[in-house]
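Hi there,

Here is the structure I promised to pass on. Have a look at it first, and my notes follow below.

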Amino acid sequence: EGLYFGDAHDAFLLAKMLPKPKWDDLPLRLVDVSAPVHDENGNFIGVLCGHLSLDWAFETRERMLDQLSRDQLDLLVLNHEGKVLMGTPHLPSLTVNLNSLSTVQGLSNTTRQVAIDTWPDQKKYLTASVRETPFRNYPGMGWIFVARKPLAVALEPAANLSKLILIAGAGTATLFFVI
């Protein structure tokens with residue numbers, strides 16, 4: 001009926017024949033893509049199908065992070081159920097479910113959420129989440145993108161600015177006192 005993107009799935013049989021993906025921490029995962037083919041009169045001829053390896057997504061993430069200040073910044077991709085599709089070395093794919101995070105709960109297509117969340121490792125992180133937005137009339141796969149940074153690292157610039165303001169204020173007060 002139209003363009004179709006399936007959710008990421010394991011391809012264990014193909015994984016035995018193909019080399020392990022460069023980026024993915026699992027043997028081989030694919031996204032199914034298909035589109036109907038019609039002749040010049042609009043008559044249905046068949047379906048064009050293909051598989052996309054998730055390696056492209058890992059590589060894209062690395063290129064995006066290279067452009068950001070990536071000091072202890074993690075970028076994860078979750079499926080519509082909250083299961084990690086693209087993890088990190090500390091959060092391997094498919095082993096963690098992040099539905100318990102307040103930034104993931106109740107996330108709709110039109111919102112994004114930022115909060116301080118306690119993660120499964122019991123540490124606090126500044127966390128931002130957004131669900132992919134539909135493209136044209138296609139609803140998409142419902143993937144959720146989550147960025148996290150340890151709270152101490154994320155708030156360090158504010159703490160440094162606070163110290164600088166305190167020192168400048170104390171210096172100004174001392175100067176006025178001397179004058």
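Which residues does Leu98 touch, not counting residues up to four places away in sequence? They are Leu78, Gly82, Val84, Val104, Trp119 and Pro120, where contact means heavy atoms within 4.5 Å.

Before the rest, some notes on the model. It is predicted, so local features need pLDDT of at least 70 and side-chain atom pairs count only at pLDDT 80 or more, while totals for chains, interfaces and linings use all residues. Residues are numbered from 1 along each chain as its sequence is written, and side-chain values use heavy atoms, with hydrogens and water left out.

Leu98 also appears in the largest nonpolar core, which has 13 residues; Leu78, Leu98 and Trp119 have the most contacts inside it. A nonpolar core is a set of buried (under 20% relative accessible area, 1.4 Å probe, protein chains only) Ala, Val, Leu, Ile, Met, Phe, Trp, Tyr and Cys residues joined through side-chain atoms within 4.5 Å. Two or more residues of this core come from each of β5 (74–78) and β9 (144–150); strands are DSSP runs (E, at least two residues), numbered from the N terminus. A second, separate core has 9 residues, including Ala8, Val77, Leu85 and Trp143.

Then there is His51, in strand β4 (residues 44–53). His51 touches His9, Leu30, Val31 and Asp32, again leaving out residues up to four places away in sequence. Asp32 and His51 are 19 residues apart in sequence, yet 4.7 Å apart in space, C-alpha to C-alpha.

Happy browsing!

Terms used: Buried means under 20% relative accessible area, exposed over 50%, partly exposed in between (1.4 Å probe, protein chains only). Helices (H or I, at least four residues) and strands (E, at least two) are DSSP runs, numbered from the N terminus.
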